[in-house]
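Biologist: I'm new to this one. Could you show it to me and walk me through the terms as we go?

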Amino acid sequence: MCHWCNQHGDRDHKWYERVENYLFNKVFPTPEDQERVKQEMVKTFADTEWRYSDAEFIRNHDFLQARASKGFSSQIVIKEEMLRILKIAEEATKREDSIMVAGHCPCRLVYEGTRDYVCIGFGMPVTMSMEIGYGRLPGEGLTEYGGAEWKNLRKELRKGAKVPLKLEEAEELIDEWEKRGLWHIVMSRGRLPLIEAICNCERRYCTYWMNRFRSGVKEYVLKGHYIARVNPLKCTSCGHCFDRCQFGALHYSKTSDNVDIDMYMCFGCGLCYSACPNEAIELISRAKIPAIKNLW
Ligand code: SF4
Ligand code: SF4
């Protein structure tokens, strides 16, 4: 079990498998807590929300470490886990009368100037952040959602086909993102153990990846609970998995005509596994391998 599971999971569930961790009113039970979170959100929007990908922050180890210690964290999950996560998230949104929305990736916007809708947010933080000014960008003021009263906004949002996002639509998106070769992460945005979003990303854009690998703050993206292993007897060296690994764990050796996966580098995203037409890659629990079971 990873440290988030030890702190926020239970005997039978990982931290992202407990519905309680998706319920704002469970994680922040008192009106004082809830008001504090809302005020922090307002402040974050005003201060840094859309600047966190700026170079000055990416290079600022202390700033990033402080954010990580407040609960800015994520973990790699495989597609099958992500589908279960969405079901739990949907149950939580029904219980709290909040919503699930597809949002654009702020990292891509910063690095490429494009809006690619590869993130899904859910629960009360999405609801509240829309009320505060969701989608606000530097110099752009507020979007059509920004600054609205939630009770009016909710009525408007529900008229749209994908806002709120339906569970079946979210599941289709996960499929599409898996085919595109985007890894999946489940995240808390500074309010651990509250789980409030998933992202589907790749190395060249992902700020969380950069915070771990360039700035050395590994809590930003923990390794997943699985690792991949190749069965050489089934592998035909067909090449479908060669470009899937963004963590440098999977290599093909032309000399030996073999695929090799380095278990120390594997993050367990499962992208090689889903690409293999010959079922030559299996995903095994990290917990079962003594050498890596505590490497997150
Ligand atoms: S996709 Fe499967 S069969 Fe093809 S090279 Fe990779 S492991 Fe081998
Ligand atoms: S080896 Fe496979 S499961 Fe491991 S990180 Fe690379 S693509 Fe993901």
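Modeller: Sure, starting with a definition: buried means under 20% relative accessible area, exposed over 50%, and partly exposed in between, with a 1.4 Å probe and protein chains only. Mind that this is a predicted model, where local features need pLDDT of at least 70, side-chain atom pairs count only at pLDDT 80 or more, and totals for chains, interfaces and linings use all residues. Residues are numbered from 1 along each chain as written, ligands are numbered from 1 in the order written, and side-chain values use heavy atoms, leaving out hydrogens and water.

Biologist: So why is K14 called buried?

Modeller: K14 has 13% relative accessibility, and the limit is under 20%, so K14 counts as buried.

Biologist: What does K14 touch?

Modeller: With contact meaning heavy atoms within 4.5 Å, K14 touches M1, C5, G9, E81, H225 and Y226, leaving aside residues up to four places away in sequence.

Biologist: Which classes make up the shell around ligand 2?

Modeller: That shell has 9 nonpolar, 2 polar and no charged residues. Ala, Val, Leu, Ile, Met, Phe, Trp, Tyr, Cys and Pro count as nonpolar, Asp, Glu, Lys and Arg as charged, and the others, Gly among them, as polar. Residues around ligand 2 include C245, F267 and G268, where near means a heavy atom within 4 Å.

Biologist: How do you know that β2 and β3 pair?

Modeller: Pairing needs at least two DSSP bridges; β2 and β3 have 4, in the antiparallel sense, so they pair.

Technical notes:
Helices (H or I, at least four residues) and strands (E, at least two) are DSSP runs, numbered from the N terminus.
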